[in-house]
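Student: I have a model open and want to learn how to read it. Where should we begin?

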Amino acid sequence: ELFHVAYWFARTYARRRRPAPGLAFNAAPLPRPVATRQQTAEQLRTLEEGLQERDEKLTTLLKDKDALNEDLKRLRAEV
């Protein structure tokens with residue numbers, strides 16, 4: 001339907017070149033939808049748990065990094 005609206009708009013309001021009267025929609029150049037695999041609720045829960053574990057590890061690493069940065073600042077101030 002978008003093609004028909006765009007065709008009507010171009011035919012009605014074009015100032016220079018108007019579309020050909022016999023122009024028709026051609027679906028061949030459009031990409032075909034790719035089949036996606038369906039995931040079960042259990043698979044999604046497993047993925048979520050894995051992501052939560054990664055988040056916890058990352059949080060721990062960032063806290064350790066912040067502690068090391070504080071130590072480094074303190075040592076630089078002493079020097």
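Tutor: Begin with a cut-off: a residue is buried when its relative accessible area is under 20%. Over 50% makes a residue exposed, and partly exposed lies in between. Keep in mind that this is a predicted model.

Student: What percentage of the 79 residues count as buried?

Tutor: Just 3% of them count as buried. The protein exposes about 8,100 Å². Carbon and sulfur atoms supply 58% of that area.

Student: How do I read the overall form?

Tutor: Set the radius of gyration against the value for a compact globule. Here the protein has 30 Å, whereas a compact globule of 79 residues would have a value near 12 Å. Then look at the spans. Along the principal axes, the C-alpha trace covers about 80 × 45 × 15 Å.

Student: How many helices and how many strands does the secondary structure come to?

Tutor: Two helices and zero strands. Helix H1 covers residues 2–13. Helix H2 covers residues 41–78.

Student: How far apart are the C-alpha atoms of Lys57 and Leu30?

Tutor: They are separated by 44 Å, and their positions lie 27 residues apart along the chain as a sequence separation. Lys57 is found in helix H2. Is its side exposed or buried? Lys57 counts as exposed because its relative accessibility is 58%.

Student: Now the charges. What is the general idea behind a salt bridge?

Tutor: Side chains of opposite charge can pair when their charged atoms come close. The cut-off used is a side-chain nitrogen of Lys or Arg within 4 Å of a carboxyl oxygen of Asp or Glu. This structure holds three such salt bridges.

Student: Which residue forms a salt bridge with Glu42?

Tutor: Arg45 does, with the closest N and O atoms 2.8 Å apart. Look at the spacing in sequence too. Glu42 and Arg45 are three residues apart in helix H2, so about one helical turn separates them. Arg45 is partly exposed, because its relative accessible area is 43%.

Student: What does Arg74 pair with?

Tutor: Take Asp71 to begin with. The closest N and O atoms of Arg74 and Asp71 are 4.0 Å apart. These two are three residues apart in helix H2, so they too are separated by about one helical turn. Next comes Glu78, whose side chain meets that of Arg74 in a salt bridge at 3.1 Å, N to O. Arg74 and Glu78 are four residues apart in helix H2, and about one helical turn separates them. Salt bridges with shared partners thus join Asp71, Arg74 and Glu78 into one network.

Student: How open to solvent probes are the members of that network?

Tutor: Read each against the cut-offs. Arg74 is partly exposed at 44%. Asp71 is partly exposed at 36%. Glu78 counts as exposed, because its relative accessibility is 57%.

Student: How far apart are the mean positions of the positive and negative charges?

Tutor: They are 21 Å apart, for 15 positive and 12 negative charges.

Student: Last topic: nonpolar surface. Which residues make the nonpolar surface patch?

Tutor: Trp8, Phe9 and Tyr13 make a patch of about 370 Å². A residue joins a patch only with over 30% relative accessible area. Trp8, found in helix H1, counts as partly exposed because its relative accessibility is 41%.

Conventions. Residues numbered from 1 in each chain as written. Predicted model: local features only at pLDDT ≥ 70, side-chain atom pairs only at ≥ 80, totals over all residues. Heavy atoms only, no water. Patch = residues over 30% accessible without salt bridge, like charges linked within 9 Å, V, L, I, M, F, W, Y side chains within 5 Å. Areas by Shrake-Rupley, 256 points an atom, 1.4 Å probe, with all protein chains shown as cover. Buried < 20%, exposed > 50% of the residue type's maximum accessible area, 1.4 Å probe, protein only. Rg over C-alpha atoms; globule rule 2.2 N^0.38 Å. Lys, Arg positive; Asp, Glu negative; His and termini not counted. Charge placed at Lys NZ, Arg CZ, Asp CG, Glu CD.
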